[in-house]
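Colleague: Please take me through the packing in this model, one piece at a time.

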2 protein chains.
Amino acid sequence: MAGELTVSIDAMGGDAGPAVVVSALVRSIQRHPAVKYILHGDETVLNQLLAKRKSKFAGRVSVRHAASRVAMDDKPSFALRRRRDSSLWHAIESVKSGEAECVVSAGNTGALMAMGMFQLGVINGISRPAIASVWPTQRGQVVVLDCGANIECDAELLVDFAIMGEALARAVFGLPRPRVGLVNVGSEEMKGHDAVKGAAQILRQSNLPMEFCGFIEGNNITEGVVDVAVMDGFTGNVVLKTLEGTAKLIAFFLKGSLKRSFLSRLGAILASGALLALRRKLDPRAYGGGLMLGLNGIVVKAHGGTDAIGFAYALDTAIEMVLGGVNNSIVADRAGVKPEAVAS
Amino acid sequence: MAGELTVSIDAMGGDAGPAVVVSALVRSIQRHPAVKYILHGDETVLNQLLAKRKSKFAGRVSVRHAASRVAMDDKPSFALRRRRDSSLWHAIESVKSGEAECVVSAGNTGALMAMGMFQLGVINGISRPAIASVWPTQRGQVVVLDCGANIECDAELLVDFAIMGEALARAVFGLPRPRVGLVNVGSEEMKGHDAVKGAAQILRQSNLPMEFCGFIEGNNITEGVVDVAVMDGFTGNVVLKTLEGTAKLIAFFLKGSLKRSFLSRLGAILASGALLALRRKLDPRAYGGGLMLGLNGIVVKAHGGTDAIGFAYALDTAIEMVLGGVNNSIVADRAGVKPEAVAS
């Protein structure tokens, strides 16, 4: 089914570097027998890493040398001007030239977005790209966007997010009419600022292939009442990072609590299978990192501090997004919003 | 020390009603032997509830009849016009008249804020009140504001929040120079929108009795790197509610995981002390609800669905805020910000 699918990989991005990427590749190659991979980065380092499992990679993985890499703390504007010989730049270029269908990097988010916009351009009809992430809920999963690409958002941009999120949920979750909610400070119509109220009005009048659920509140996101939760990038970024911090806080408290007595230590050992299952459910690595929506090409950002498991999930997600035809859905759905509604 | 302190209580607010309030009163009376209480609400109901423990309440608790109550879903504007005979209105009036130093209600947040602003007015120099809450961190506690009173915030309003939060941390945590951070999408100076950048500039130039830590990100809040985390009310409300939802999600997953096998069930029983300790650490009831800062009077909102433990904590918090002199600190500190900095 995925006969000709090729994934382009920035092998030098992230804190862990190429060794993690090659370990992830071993997993991905087994899971996706028909997919090919292009690794961009330091030729010598990559060939050394690949040499250990030569037979597995033969005919499936090719290496392209890149003379430099984008550092995690490079400013996007600097990277865009001065790092056109980097693994990140070349990895995106492979999608632009058509030799790959998607690109995955654990590198600098801002540089990935800037180079992605510069090289691939933005989908016709979408004003700006957004970063989506997928969270667990009581009933399954939810697409949350924007997670930080757009600090200030007007009504039309929130509508763009709704369309991109709904197309992603359709492609990756297989839902024909995803339920979409606008995150607000209350569910009543008069609540919130002009941007959310305007977006709600446009979405209510549209004939998009989604079930628009109106306003939802923060607590509704993980309840699983919607498949897509839309908010501005400032709020989304703060919420996402606060959740990361809270997950760490809970692990910190749990560790302290379980160490308190002999009985609780014993209990923790007996329940370790259950606690491990919980940790897996909440593991951010299982949720594919940040998905950059709205570019003319599939771009997935793995978490900067990811390991091989997390990077392999990011590869899975990119492949699913290609197979699900996310971008074609976005183009078609954006064209389906009544122009007069958008203009209002 | 708290010789003449009197707490005014809206006994009819919240989902649980007067029975919960009277149970909380039993706890509070024991913890604060020198404090007096005025209960506003349905005289017949309240006297019946108090009759059971008459000797305990004698000389410490008085009842004031109120003919109506504000419903949880009443619009603030409606409550302000049509519910001036309610327990909520009269409870605030006791602070205005000077017979009580603080007011606590588990009722309608919007109505409490609207009636509080109308009756008590806003502290001189503060442009608008805010709602603060106190969260657990890896090192102690953190004041977070605004949690939803102000949907749109400019630089000066964020500065007001910083001052109010710092005064609260000084009064309630006993810190001489609380560490204050502005929540943003990155820690670099050029990040974020105009409001956060402007607020950072004003706070950097000010001589306030706080250690201004610049920008922090969402994950820093629960790490305990600051004592006060400042953000606009839209973001704060969504973050707070998302955290509530996530706490529920984790409880849901943990319950499911621990039920999976005989061993994990046994382990959960043995570790139950530790799991209970964790639940207490994360218990929102222990964090005193929403603290309305910036009004000429101490106003505390207990969680609408609270029980006696939570309401008793809200009473504790209100008493601590009075004893700590929060409002005098706010007045003094607001006056200390260079006027030219505020105007810029």
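What follows is a set of questions and answers on sheets, helices and one residue.

Modeller: This is a predicted model, in which local features need pLDDT of at least 70, side-chain atom pairs count only at pLDDT 80 or more, and totals for chains, interfaces and linings use all residues. Residues are numbered from 1 along each chain as its sequence is written, while chains are lettered from A and ligands numbered from 1 in the order in which they are written.

Colleague: Which strands stand at the edges of the sheet in chain B?

Modeller: Helices (H or I, at least four residues) and strands (E, at least two) are DSSP runs, numbered from the N terminus, and two strands pair if DSSP finds at least two bridges between them. In chain B, eleven strands form an open sheet with mixed pairing, in the order 3-2-1-4-11-10-5-6-9-7-8. Each edge strand has a single partner strand, so one of its sides is left without a neighbour in the sheet. The edges are strand 3 (61-65) and strand 8 (211-216) of chain B.

Colleague: What is the bridge partner of Val180(B) in strand 8 of chain B?

Modeller: Strand 7 (residues 179-183) of chain B runs parallel to strand 8 of chain B, and four bridges join them. In strand 8 of chain B, Val180(B) has as its bridge partner Phe212(B).

Colleague: By how many degrees are neighbouring strands of the sheet in chain A turned against each other on average?

Modeller: The sheet of chain A is open, has eleven strands with mixed pairing, and follows the order 3-2-1-4-11-10-5-6-9-7-8. Strand 3 (61-65) and strand 8 (211-216) of chain A are at its edges. With direction ignored, the average turn between neighbouring strands of this sheet is 25 degrees.

Colleague: How many residues of strand 2 of chain A are buried?

Modeller: Strand 2 (residues 36-41) of chain A pairs with strand 1 (residues 6-10) of chain A in the parallel sense, over five bridges. Val7(A) has Tyr37(A) as its bridge partner, and Ile9(A) has Leu39(A). A residue is buried if 20 or more other C-beta atoms lie within 10 Å of its own, exposed if 12 or fewer, and partly exposed in between, with C-beta atoms placed from the backbone. Strand 2 of chain A is mostly covered, and of its six residues the buried ones number five.

Colleague: Is Val104(B) buried or exposed?

Modeller: Val104(B) is found in strand 4 of chain B. Leaving aside neighbours within four places in sequence, its contacts (C-beta atoms, placed from the backbone, within 7 Å) include Val7(B), Ile9(B), Val300(B) and Leu315(B). Because Val104(B) has 32 C-beta neighbours inside 10 Å, it counts as buried.

Colleague: Which elements of chain B do the buried residues of helix 5 pack against?

Modeller: Helix 5 (residues 87-96) of chain B is mostly covered, with nine of its ten residues buried. Among them are Trp89(B), His90(B) and Glu93(B). Their packing partners in chain B are strand 1 (6-10), strand 2 (36-41), strand 3, strand 4 (102-105) and helix 6 (109-120).

Colleague: How many nonpolar, polar and charged residues are in the contact of helix 1 of chain B with helix 2 of chain B?

Modeller: The axes of helix 1 (residues 18-31) and helix 2 (residues 43-51) of chain B come within 10 Å and cross at roughly 40 degrees. Pro18(B), Ala19(B) and Val22(B) of helix 1 of chain B meet Val45(B), Leu46(B), Leu49(B) and Leu50(B) of helix 2 of chain B. Ala, Val, Leu, Ile, Met, Phe, Trp, Tyr, Cys and Pro count as nonpolar, Asp, Glu, Lys and Arg as charged, and the others, Gly among them, as polar. The contact has seven nonpolar, no polar and no charged residues.

Colleague: How many charged residues are in the contact of helix 1 of chain B with helix 13 of chain B?

Modeller: Helix 1 of chain B and helix 13 (residues 308-324) of chain B pack at an angle of about 50 degrees, with their axes 8 Å apart. The residues that make the contact include Arg27(B) and Arg31(B) of helix 1 of chain B and Asp316(B) of helix 13 of chain B. By class there are seven nonpolar residues, two polar, and of charged residues three.

How values were computed
Axes fitted to C-alpha atoms, helices over the stretch in contact; angles between N-to-C directions. Contact = placed C-beta atoms within 7 Å.
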